[in-house]
Amino acid sequence: MTLLVIGATGTLGRQIVRKALEDGFQVRCLVRNRKKANFLRELGAQLVYGDLTMPETLPLSFKGVTAVIDASTTRADDINNLQETDLVGKLILIRLAKIAKIKRFIFFSILNAEKYPFIPLMKMKTEIEDALKDSDIPYTIFRLAGFYQALISQYAIPVLDKQPIWITSESLPVAYIDTQDAANIALKTLLIDNTKNKTFFLGGPRSWVSSEIIGLCEKLSGQTAKLNLIPMSILKLARQFTSLFEWSSNINERLAFVEILEEDQNFSSETLTLYKNFDIDQNNFVTLEVYLQEYFEKILKTLKDLNYEKVSKQRDLTI
């Protein structure tokens with residue numbers, strides 16, 4: 001089976017490529033920058049040039065492909081490229097997949113995206129989901145709540161650097177998942193026929209609120225976090241204010257995400273039917289505790305080594 005991976009250089013995409021090669025799949029990666037993607041070629045993947053904003057570059061990448069895995073997404077605040085890549089470009093991908101008679105199209109979406117049409121990224125994810133369902137292409141859609149990897153910049157680094165972390169008084173639990181586990185599940189469903197034409201929530205074994213993650217970072221780093229509490233009402237007011245100006249559209253769209261925090265439905269409340277139906281043991285998942293512990297151990301060791309080298313150089317200069 002030959003896989004075409006979109007977004008292969010991203011956090012999730014690279015894990016999909018690595019795992020797919022380990023499992024014996026032939027892997028082709030659609031890339032815009034071959035130099036940046038050279039590490040994928042070294043893993044054993046085939047690189048093919050393609051750009052979602054340039055439809056004429058896409059057809060050749062589908063030759064001989066059995067399945068497509070779309071793990072790409074534009075940053076939510078990158079409004080200039082969002083429409084062109086996450087909607088128009090992906091609609092073209094779906095058309096090409098239909099022409100090529102692709103046997104499975106795996107798409108990574110966002111949990112509860114259809115509830116937030118005022119957020120462009122959410123709206124586009126929903127439109128791509130609908131387009132896949134109407135395409136007659138066998139598909140599997142995974143709706144994600146969040147990855148462990150994103151928590152590093154959001155919580156771990158600010159704790160280490162003693163930078164403020166902005167939090168709201170409202171905090172709902174989120175079932176984050178490690179990208180390696182997400183990649184494993186996606187590839188496993190390719191081999192299970194009754195995952196076709198279905199949508200699954202994909203999350204980790206436990207849900208976390210912000211305060212718990214911050215507390216874990218404090219414990220593992222030995223640092224105390226600097227917290228700034230901001231009321232939800234202030235964030236909503238800021239969103240209304242920025243919506244009045246065209247130049248502030250990026251700020252406005254970022255603030256729009258805070259309204260999700262008020263949603264009564266818990267992001268992790270959906271049943272993890274995928275695990276039950278396809279015998280996926282959550283006990284084998286990477287836990288957030290283990291993931292953050294490995295991160296902090298590595299970072300703290302590096303900082304210790306750098307400090308040792310600095311002290312050694314200073315000692316040499318005084319001799």
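Glutamate 127 counts as partly exposed because its relative accessibility is 28%. That makes a handy starting point for a walk through this structure, which is a predicted model. Glutamate 127 sits in helix H4, and a partner from elsewhere in the sequence can be placed beside it: aspartate 86 is 41 residues away along the chain, while the two C-alpha atoms are 9.7 Å apart in space.

**Around helix H4**

Helix H4 covers residues 120-133. Its 14 residues should span 20 Å at 1.5 Å a residue, and the C-alpha atoms at its ends are indeed 20 Å apart, so the expected and modelled lengths agree. Which residues of H4 are buried? They are Leu121, Met122, Met124, Lys125, Thr126, Ile128, Glu129 and Leu132. When you look at that list, it helps to remember that an α-helix has 3.6 residues a turn, so residues three or four places apart point the same way.

Threonine 126, also in helix H4, is worth a closer look. Its relative accessible area is 15%, which means that it is buried, the cut-off being under 20%. Setting aside neighbours within four places in sequence, threonine 126 is in contact with Ala113 and Glu114.

Another residue to find is tyrosine 116, in the loop between strand S5 (104-110) and H4. Is tyrosine 116 buried or exposed? With a relative accessible area of 3%, tyrosine 116 is buried. Tyrosine 116 and threonine 126 are 10 residues apart along the chain, and their C-alpha atoms are separated by 9.4 Å.

**Two helix pairs**

Next come two places where helices meet. The table sets out how their axes cross.

| Helix pair | Axes come within | Crossing angle |
|---|---|---|
| H1 (residues 11-22) and H6 (residues 179-190) | 8 Å | roughly 55° |
| H5 (residues 148-161) and H7 (residues 210-221) | 10 Å | roughly 45° |

At roughly 55°, H1 and H6 are therefore oblique to each other, and their crossing is right-handed. On the H1 side, the residues that meet H6 are Thr11, Leu12, Gln15, Ile16, Arg18, Lys19 and Ala20. They meet Thr179, Gln180, Ala182, Ala183, Asn184 and Leu187 in H6. The residues of this contact divide into six nonpolar, five polar and two charged.

H6 itself has 12 residues and reaches 17 Å from its first C-alpha to its last, close to the 16 Å expected at 1.5 Å a residue. How many of the 12 residues of H6 are buried? Nine of them are, and H6 is mostly covered. The buried residues include Ala182, Ala183 and Leu187, three names that also appear in the contact with H1. Asp181 and Ile185 are among the other buried residues of H6.

The second pair, H5 and H7, cross at roughly 45° and are therefore oblique to each other. Their crossing is right-handed. H5 contributes Leu151, Tyr155, Ala156, Val159 and Leu160 to the contact, and H7 contributes Ser210, Ile213, Ile214, Cys217 and Ser221. By class, this contact has eight nonpolar residues, two polar ones and no charged ones.

**The chain as a whole**

Stepping back, the chain has 11 helices and nine strands. Buried residues make up 47% of its 319 residues. Among contacts in the chain with a separation of 6 or more, 76% join residues 24 or more positions apart.

Definitions and conventions
Residues numbered from 1 in each chain as written. Predicted model: local features only at pLDDT ≥ 70, side-chain atom pairs only at ≥ 80, totals over all residues. Heavy atoms only, no water. Axes fitted to C-alpha atoms, helices over the stretch in contact; angles between N-to-C directions. Helix = DSSP H or I, 4+ residues; strand = E, 2+ residues; numbered from the N terminus. Parallel < 35°, antiparallel > 145°, perpendicular 65-115°, else oblique. Left-handed = near helix turned anticlockwise from the far one by under 90°. Contact = heavy atoms within 4.5 Å. Nonpolar A, V, L, I, M, F, W, Y, C, P; charged D, E, K, R; others polar. Expected span 1.5 Å × (residues − 1). Buried < 20%, exposed > 50% of the residue type's maximum accessible area, 1.4 Å probe, protein only.
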